[in-house]
Amino acid sequence: MITKLLKESLKKIVRDIYEIELNDMELKVEKPPENQPGEFGSNIAFLVSKTVKKAPEDIALSIMNNMKNNNLFSNIFYVKPGYINWNLSIELYKQELIKVIKEQNYFKEKQVKNELINLEFVSANPVGPLNVVSGRAAAYGDVLANLFDFNGYRVHREFYVNDHGNQIKLFAISLKERYLELHKIKQKAEIPEDGYKGDYVIDIAKNISSIAPDIKQRVLNLLYNKMEEELINMFTELGLRYVKNWQETTLKNFGVKFDLWFSENSLYENNYIEKIINKIKEKELIYEKEGALWFKTTQFGDDKDRVIKKSDGQWTYFASDIAYMQSKIDRGANRIIMILGPDHHGYIKRIEAIIQALGYRKEMLKIIILQQVNLLESGEKKKMSKREGKLVLLDELLELVGCDAARYYFLMRNHNSHLDFDIELAKEQSEKNPVYYVQYAYARICNILLFAREKNIEIEKVNIENDVEFTDLEKEEKDLITGILQASDVFIESMEKYAPSLVVQKLYELASSFHSFYNKYRVVTEDKKTTFKRLFILLALKQVFLNYFKILGITAKERM
RNA sequence: GUGCCCGUAGCUCAGUGGAUAGAGCACUUGACUACGAAUCAAGGGGUCGCAGGUUCGACUCCUGCCGGGCACGCCA
């Protein structure tokens, strides 16, 4: 909020003097390094010097001259090569703090935009429980969705269930075999070569009667009548349902809830795929070769065309993807965001091709590749594979370190960095997890406010506008205030950069400022003036922390 | 072979055109008879993989190379 205001004022000054319009993304307004003067600083003179071809110093001095006429800026400093730094006016501090304290949802954009964002993430195959890799995607996607929501967009969280195709059949057969073995109907399970060998399949076989109490009877009946296909169909249906429940429960424990679990199978109903493909056919983007149907993705920059219908007459997954994209748009999406694993980077071109072939701008699509999670075991790299059953379950992690620490751990990394995951390390680090650092700061704030109330200091009755002075601020107090004022800018910037890690970083900085302040100064003292001033800062700070926690999906603990 | 991601302190990582490159962990030293020491203050530790280029300015952008990882099906 405040950064935006400052940027606008600076841009206006430049417009007045030089008649040029500055790019918002390039213009920076930020806190200068520790050893430099001023609470805020800007690179504005450098930007202007690029187009005007004058020394940054001269430009800075002229801009500074005009800044003096604006009461936003109180002390203006020129710093060596061409920076302009300044302090904010005390009055501005006060007005902003009052708003933070008094306005409900001050940080949340009140004007809801018309745009609907379809955000797809996790979308793990429905053939097993979620592992830590999905955990990273879940945390990332959820916070991204929160950020969009916070900034006034409508967001639809979607989980694509790949419940169609061969892998499901293999899973169903594996499950069936395990079931027969478990109930001694068969001596030994015969898991197909490409089947699912992991122990978790045995667990599912053990527990599946929880969603189908009459399963044993049905199995025996079908076996007696030699209805092998029906038997597999039954295990397909039950297995899918069981796994979906499992995944949904895990995600719920992780604080993530989806608006829609979209079934790939549903695209096959009512010839939907056929209809959408025909739409592209009309544009002559589809041709036949060697008995198969091909989509001319090369027209949109792909390196080769892709098959959409195999020579055996089956649609490929790529065909259902085409229909799926159209379905998102049919359901009102103006913007499509997909969070995919690094193994999908080759699909970006293809999906862009789909969007364009369907007649939409490719800008409406944003694909974020969330880099891989490497599973380590005491330093050794280990291959995670659902088929082989080698994985670290998200459930295990949650049990081990808890939801807050797990979310924080995943969110600290940005999306394009690899993450080495060592369960031993996670266990060890859980006690030192920075999430406790930020939660502790919040608990301390609550405690002080509680303490003040016990001392019968009723801040609610104090008139902040008239009776509280924000003069003579200590450095630590100013740090807290700038942290408070910058919060909404952090939320906007993180959204624009698709970077939840930025939120985490800023929250940590804020907590750090608070802990420093706490150790140096006392809030509740004999001196009424100072006590009120500090209590008001803390009231605002508490609100800011609550907003950060809400976006990150972390619990705000009043006591640790 | 082609494409994508990564290479920053002993370890785990922030930082994507700006100010003396930052945190946490680990290590050393100090701070509780006052709102919680799960905290704070201070210290050591770096040729930002290497070499060129672009410019007022490069960890950041471009080119080449080295090292690590992933992906390149009429599988999903």
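In which helix is the place of Ser501? In this predicted model, Ser501 sits in helix H19. Its relative accessible area is 13%, and because buried means under 20%, Ser501 counts as buried. Setting aside residues up to four places away in sequence, Ser501 touches Leu411, Met412, Arg413 and Asn414. Helix H19 spans residues 500-520, and it returns below, both as a packing partner of helix H16 and as part of the surface near RNA strand B.

A wider view of the protein helps to place these details. Chain A contains 20 helices and 15 strands, and its C-alpha trace spans about 90 × 60 × 45 Å along the principal axes. Of the 560 residues in chain A, 52% are buried. When contacts between residues at least 6 apart in sequence are considered, 73% of them join residues at least 24 apart. The domain assignment divides out three parts of chain A: domain 1 covers residues 2-88, domain 2 covers 166-237 and domain 3 covers 434-552. Between the C-alpha centres of domain 2 and domain 3 there are 57 Å.

Helix H16 deserves a closer look. This helix runs over residues 434-454, and its 21 residues should span 30 Å at 1.5 Å a residue; the C-alpha atoms at its ends are indeed 30 Å apart, so the expected and modelled spans agree. The N-terminal end of H16 is capped by Asn433, which places a side-chain oxygen 2.8 Å from the backbone nitrogen of Val435. Just after the helix, Asn456 adopts a positive phi of about 60°.

Many residues of H16 are shielded within the protein. The buried ones are Val435, Val438, Gln439, Ala441, Tyr442, Ala443, Arg444, Ile445, Cys446, Ile448, Leu449 and Ala452. In an α-helix there are 3.6 residues a turn, so residues three or four places apart point the same way. Val435, Val438, Tyr442 and Ile445 are among the buried residues of H16. The packing partners of the buried residues are helix H14 (403-411), helix H19 (500-520) and helix H20 (528-552).

The model also includes RNA strand B, and H16 takes a leading part in its surroundings. Altogether 55 residues surround the strand, and the closest of them are Tyr83, Tyr347, Tyr437, Tyr440 and Tyr521. By class, this surface has 21 nonpolar, 19 polar and 15 charged residues. On the RNA side, sugar or phosphate accounts for 60% of the strand B atoms within 4 Å of the protein, while the rest belong to bases.

Individual polar contacts reach several parts of the RNA. A polar side-chain atom of Arg444 lies 2.7 Å from a phosphate oxygen of RNA strand B; Arg444 is also listed among the buried residues of H16. The side chain of His345 brings an N or O atom to 3.3 Å from a base nitrogen of the strand. For Asn519, a polar side-chain atom is 2.7 Å from a sugar or linking oxygen of RNA strand B. The elements that give two or more residues to this surface are helix H2 (44-52), strand E4 (83-88), strand E9 (292-295), H16 and H19. Of these, H16 gives the most, with seven residues.

Three further residues show what the model holds elsewhere. Val122 has a positive phi of about 65° although it is not a glycine, and its place is in the loop between strand E5 (116-120) and helix H5 (132-150). With 14% relative accessibility, Val122 falls under the 20% limit and therefore counts as buried. Lys226 likewise is not a glycine and has a positive phi, here of about 55°. The loop that holds Lys226 links helix H8 (215-224) and helix H9 (228-253). Its relative accessible area is 76%, and because exposed means over 50%, Lys226 counts as exposed.

Leu340 belongs to strand E11, which covers residues 335-340. At 12% relative accessibility, Leu340 is buried. Apart from neighbours within four places in sequence, its contacts are Ile367, Ile368, Ile369 and Leu370. Leu340 and Glu190 are 150 residues apart in sequence, and their C-alpha atoms are 33 Å apart in space.

Methods:
Residues are numbered from 1 along each chain as its sequence is written. Chains are lettered from A and ligands numbered from 1 in the order in which they are written. This is a predicted model: local features need pLDDT of at least 70, side-chain atom pairs count only at pLDDT 80 or more; totals for chains, interfaces and linings use all residues. Side-chain values use heavy atoms; hydrogens and water are left out. Helices (H or I, at least four residues) and strands (E, at least two) are DSSP runs, numbered from the N terminus. The expected span of a helix is 1.5 Å times one less than its number of residues. Buried means under 20% relative accessible area, exposed over 50%, partly exposed in between (1.4 Å probe, protein chains only). Contact means heavy atoms within 4.5 Å. A polar contact is a pair of N or O atoms within 3.5 Å; within protein, one must be able to donate a hydrogen and the other to accept it, and residues adjacent in sequence count only if both atoms are side-chain atoms. Domain bounds come from an automatic or database domain assignment. A residue is near a molecule or strand if one of its heavy atoms lies within 4 Å of it. Ala, Val, Leu, Ile, Met, Phe, Trp, Tyr, Cys and Pro count as nonpolar, Asp, Glu, Lys and Arg as charged, and the others, Gly among them, as polar.
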